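Work through the exercises below with the sequence and the structure side by side. Try each task before reading its solution.

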Amino acid sequence: MTSDKAVIVVGAGDALGGAIARRFARGGLVAVPSRRKAEPLKRLVKQIESEGGKAKGILCDARDEEAVSALFDRVESEIGPAEVVVFNTGAQHRASILDMTTRIYRQVWESAAFAGFVTAREAARRMVKRGTGTIIFTGATASIRGGATFASFSSAKHALRALAESMARELGPAGIHVGHIIVDGMIDSEAVREKFPDQVGALPEGGLLNPDHIAEAYWSMYTQPKDAWTFEMDVRPSVEQW
């Protein structure tokens, strides 16, 4: 094992997850972005390396308990201790409760809540032994407010926030900083612009969240001194109604 410290980003997508991995790599950690698709992961690793950072992408389905455990074992044996773990897996789904199927509800819960539990548990088991580490969960407006047609997503995000709060209360005294960041608004990405062209077009200037700017909130939470830890912060555009 090397002496490098790693940041594991579970759910390292093309927007926020990738931005978080790049930000922590610029801060000197070895970025370990993880997701289920290989090609986007390779592109992200190349981008980080082109910017002078260190990165190692690892494919993983965060809903698979054995795969997540193997991910952590591999990182800590090949790179170094997992200094930071960010759970950023998305699972947004919108449908009337009248049309909601058990299959969809379960899939959303597995991706947003169950996978978060498995990831955070594996992180905590290793960090507690060292008495240090940071675990950050990505939340959303749905984490604190249930909206019409968002029953599956909101219930899963509520569960994830409750997990984060419970862990923060338990693990803080053991030296583990657990935080929850609520991202309130639409994140500027190619996927969002293609999927929601009307909504994006109707936003005023500055109405989209820049992924790189959001990533600064994660870095800020990680670098807080132990006598002034934040459990939760929210980030939103200045023009967002809330």
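**Exercise 1. Pair strand 1 with strand 2, then place both in the sheet.**

Step 1. Strand 1 and strand 2 run parallel and share five bridges. Two strands count as paired if DSSP finds at least two bridges between them. Helices (H or I, at least four residues) and strands (E, at least two) are DSSP runs, numbered from the N terminus.

Step 2. Pick one bridge: A6 is partnered by V30 in strand 2.

Step 3. Widen the view. The open sheet has seven strands, ordered 3-2-1-4-5-6-7, with parallel pairing. Strand 3 (58-59) and strand 7 (232-235) are the edges; each has a single partner strand, so one side of each lacks a neighbour in the sheet.

Step 4. Cross to strand 4. Four bridges link strand 4 to strand 5 (residues 133-140), again parallel. V86 has I136 of strand 5 as its bridge partner.

A note on the source: this is a predicted model, in which local features need pLDDT of at least 70 and side-chain atom pairs count only at pLDDT 80 or more, while totals for chains, interfaces and linings use all residues. Residues are numbered from 1 along each chain as its sequence is written, and side-chain values use heavy atoms, with hydrogens and water left out.

**Exercise 2. Decide how enclosed strand 2 is, and find helices that pack on the sheet.**

Step 1. Count the buried residues (buried: under 20% relative accessible area; exposed: over 50%; partly exposed: in between; 1.4 Å probe, protein chains only). In strand 2, six of the six are buried, so the rest of the structure largely encloses this strand.

Step 2. Split by face. V30, V32 and S34 are buried on one side; A31, P33 and R35 are buried on the other.

Step 3. Add the helices. Helix 2 touches strand 2 (30-35) and strand 3, and its direction makes about 165° with that of strand 2. Helix 3 (residues 65-78) lies across strand 1 (6-10), strand 2, strand 3 and strand 4, at about 160° to strand 1. Axes are lines fitted to C-alpha atoms, for helices over the stretch in contact; angles run from 0 to 180 degrees between N-to-C directions.

**Exercise 3. Describe the packing of helix 1 on helix 2.**

Step 1. Take the geometry. Helix 1 (residues 16-26) meets helix 2 (residues 38-50) at about 30°, with axes 10 Å apart. That makes the two helices roughly parallel (under 35 degrees; over 145 is roughly antiparallel, 65 to 115 roughly perpendicular, the rest oblique).

Step 2. List the contact (heavy atoms within 4.5 Å). Helix 1 gives G18, A21, R22 and A25; helix 2 gives L44, Q47 and I48.

Step 3. Recall the helix repeat. An α-helix has 3.6 residues a turn, so residues three or four places apart point the same way.

Step 4. Check burial. Ten of the eleven residues of helix 1 are buried, among them G18, A21 and F24. After helix 1 comes G28, with a positive phi near 105°.

**Exercise 4. Place W219 and T89.**

Step 1. W219 sits in helix 8 (residues 211-222). Its relative accessible area is 16%, so W219 is buried.

Step 2. Leaving aside neighbours within four places in sequence, W219 contacts R23, F24, G27 and L29. W219 and R23 lie 196 residues apart in sequence, yet 7.3 Å apart in space, C-alpha to C-alpha.

Step 3. T89 is in the loop between strand 4 (82-87) and helix 4 (102-130). Its 16% relative accessibility counts as buried. With the neighbours within four places again left aside, T89 contacts V10, G11, A62, S111 and K157.
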